[in-house]
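Welcome, and please open the structure in your viewer. We will walk through it stop by stop, with something to select each time.

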Amino acid sequence: MEFEKIEVKPQSAVIQRRVEEVVNTLVRGYDEVMGRLHLGGRKGDYDDIHYEFNGGAQDQLRKKHYDKSMRLLWKAEEQAPWLDFRDCTAEELTLLSMAEKSMDREELRELKRVRSQEFRDTIMTEYTERERQAIVNVLSLIGHGEAYAWLVSTELLNEVKSTGARTALTMQVLEEANHFVVLRELLQAFECDIPRMPIWEYLLLERGFKSKGVEKFFAMNVVVEGFALGLFGMMSTLPGLEIWRLFHRDESRHTALPSNYLKEFPLTAWQKRSPFARAHRLSLILPLVPAVALGEEDLAELGIDAFDFAGATARKVFHLSDRVGFSFPISTAALSSVLNAAFNAVASYTRVEHTKKDYLQAETTRGERELQTEAEVFGLKRGRTPTEATRRTSAASHNGGARTAA
Ligand SMILES: [Fe+2]
Ligand SMILES: [Fe+2]
């Protein structure tokens, strides 16, 4: 390439550089002093000298969360073409039609069924009106949670250290936006009333959003997303709701983020054990007891024991908390016993027949793939197999245990 050079005076360039150096020293010096005095200073948590965000590159975090999310990014137009999303590129649409050409007749028929308006109609015939309303009531809890997950991850994006962590949060913001708008359309397709947030959820989400700094990881990625993960894992095997598998896969990555992040930037002893933080964490999870009792009737309609679900979720949430050091005023073992006693007490009041059980040992995630994903994320031993879990649930609905809830 040949450029037509413009002649400039060399001395002028020297002067420009010197002026810039002086102003640079003054402005950055002023910002540094103001920063040290906590009176303002530089707002951007960015290290332009090393071309990196403060906290360094943290490529492992980038690989585990950003790269993986990009690989697993899914498009609503491909997964549920009957929704009003046009998010596939022309190349992706061509690839899809090429993939269809390689399918045999039976596969194509199945694909057509899944993609057509007829399939949407099967949701209407597969479930009674009351069951559809129960599904919407339960999933709207997650729908409202997705709105807050979007809000919280957007704020956290500006609070985490390192380039790797920012890429991870950027993907989470994108995925939460996707979850919110897609879930909203899916629920609208059920043609039922979509309820407002119950006050117990309002308390959890609002207070979680107001949590300071990495405590947001506890409120959102551990508690709220642990809860969402459990719900998607429990409902992804229901006819027509297979798309929840994709949500489940994304949420599993989000719940793993605190431990991956805090491995690189550990909580201080004070952050872990401060009595205020411990009491705040406990106060965040306590509204879940009345929330579960409130959702019991809808879950019972779907053959799901609400306290099994709550116990399984609590066990996983405590496991995640222990792993990164988010401690409570009492140990998670003691807290599990307290919760179990509370669940049994409520169940003995709401059920016609109730025998005491250890709800914290229940497993309500049903799909084989979902159980595998959770085992990887939580580093947990695989519990009951899905076949056993399904057998158990249908036994519960046959003996009337779940359906007789108040
Ligand atoms: Fe989400
Ligand atoms: Fe999430």
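Before the first stop, one term: a residue is buried if 20 or more other C-beta atoms lie within 10 Å of its own. Keep in mind, too, that this is a predicted model.

**Stop 1: Arg-366**

Select Arg-366, in the loop between helix H16 (332–350) and helix H17 (368–378). Is Arg-366 buried or exposed? It has 20 C-beta neighbours inside 10 Å, so it counts as buried. Now add Phe-232 to your selection: it lies 134 residues from Arg-366 along the chain, yet the two C-alpha atoms are separated by 9.6 Å.

**Stop 2: the whole chain**

Zoom out and colour by secondary structure. The protein chain holds 18 helices and two strands. Of its 406 residues, 36% are buried. Look also at the contacts in the chain with a separation of 6 or more: 73% of them join residues 24 or more positions apart.

**Stop 3: helix H10**

Select residues 215–235, which form helix H10. This helix has 21 residues and reaches 29 Å from first C-alpha to last, close to the 30 Å expected at 1.5 Å a residue. Where is the kink in H10 centred? Click on Glu-225: the kink is centred there, and it is about 35°. Then show the surroundings of H10, and you will find the helix mostly covered, with 20 of its 21 residues buried.

**Stop 4: H10 beside H13**

Keep H10 on screen and add helix H13, residues 275–285. The two helices pack at an angle of about 25°, with their axes 11 Å apart. That angle makes H10 roughly parallel to H13. As H10 passes H13, the crossing is right-handed.

Which residues meet between these two helices? Show side chains for these two groups:

- from H10, Glu-215, Phe-218, Ala-219 and Val-223
- from H13, Ala-277, Arg-281, Leu-284 and Ile-285

As you look along such a row, a general point helps: an α-helix has 3.6 residues a turn, so residues three or four places apart point the same way.

**Stop 5: Leu-156 in H7**

Move to Leu-156, which lies in helix H7 (residues 129–157). Leu-156 counts as buried because it has 23 C-beta neighbours inside 10 Å. Leaving aside residues up to four places away in sequence, Leu-156 touches Leu-169 and Lys-216. Select Thr-170 as well: Leu-156 and Thr-170 are 14 residues apart in sequence and 9.5 Å apart in space, C-alpha to C-alpha.

**Stop 6: two loop residues with positive phi**

Go on to Ser-162, in the loop between H7 and helix H8 (163–188). Its phi is near 85°, a positive value in a residue other than glycine. Ser-162 has 22 C-beta neighbours inside 10 Å, so it counts as buried.

Next, select Gln-58, placed in the loop between strand E2 (52–53) and helix H2 (59–72). What is the phi of Gln-58 near? The value is near 50°, which is positive in a residue other than glycine. Gln-58 is buried, since 25 other C-beta atoms lie within 10 Å.

**Stop 7: helix H15 and the glycine after it**

For the last stop, select residues 306–324, helix H15. H15 has 19 residues and reaches 27 Å from its first C-alpha to its last, close to the 27 Å expected at 1.5 Å a residue. The helix is mostly covered: 16 of its 19 residues are buried. Finish by clicking on Gly-325, just after H15, where phi is positive at about 95°.

How values were computed
Residues numbered from 1 in each chain as written. Chains lettered and ligands numbered in written order. Predicted model: local features only at pLDDT ≥ 70, side-chain atom pairs only at ≥ 80, totals over all residues. Helix = DSSP H or I, 4+ residues; strand = E, 2+ residues; numbered from the N terminus. Expected span 1.5 Å × (residues − 1). Bend = angle between axes of the 7 residues up to and from the residue. Buried ≥ 20, exposed ≤ 12 C-beta atoms within 10 Å, placed from the backbone. Axes fitted to C-alpha atoms, helices over the stretch in contact; angles between N-to-C directions. Parallel < 35°, antiparallel > 145°, perpendicular 65-115°, else oblique. Left-handed = near helix turned anticlockwise from the far one by under 90°. Contact = placed C-beta atoms within 7 Å.
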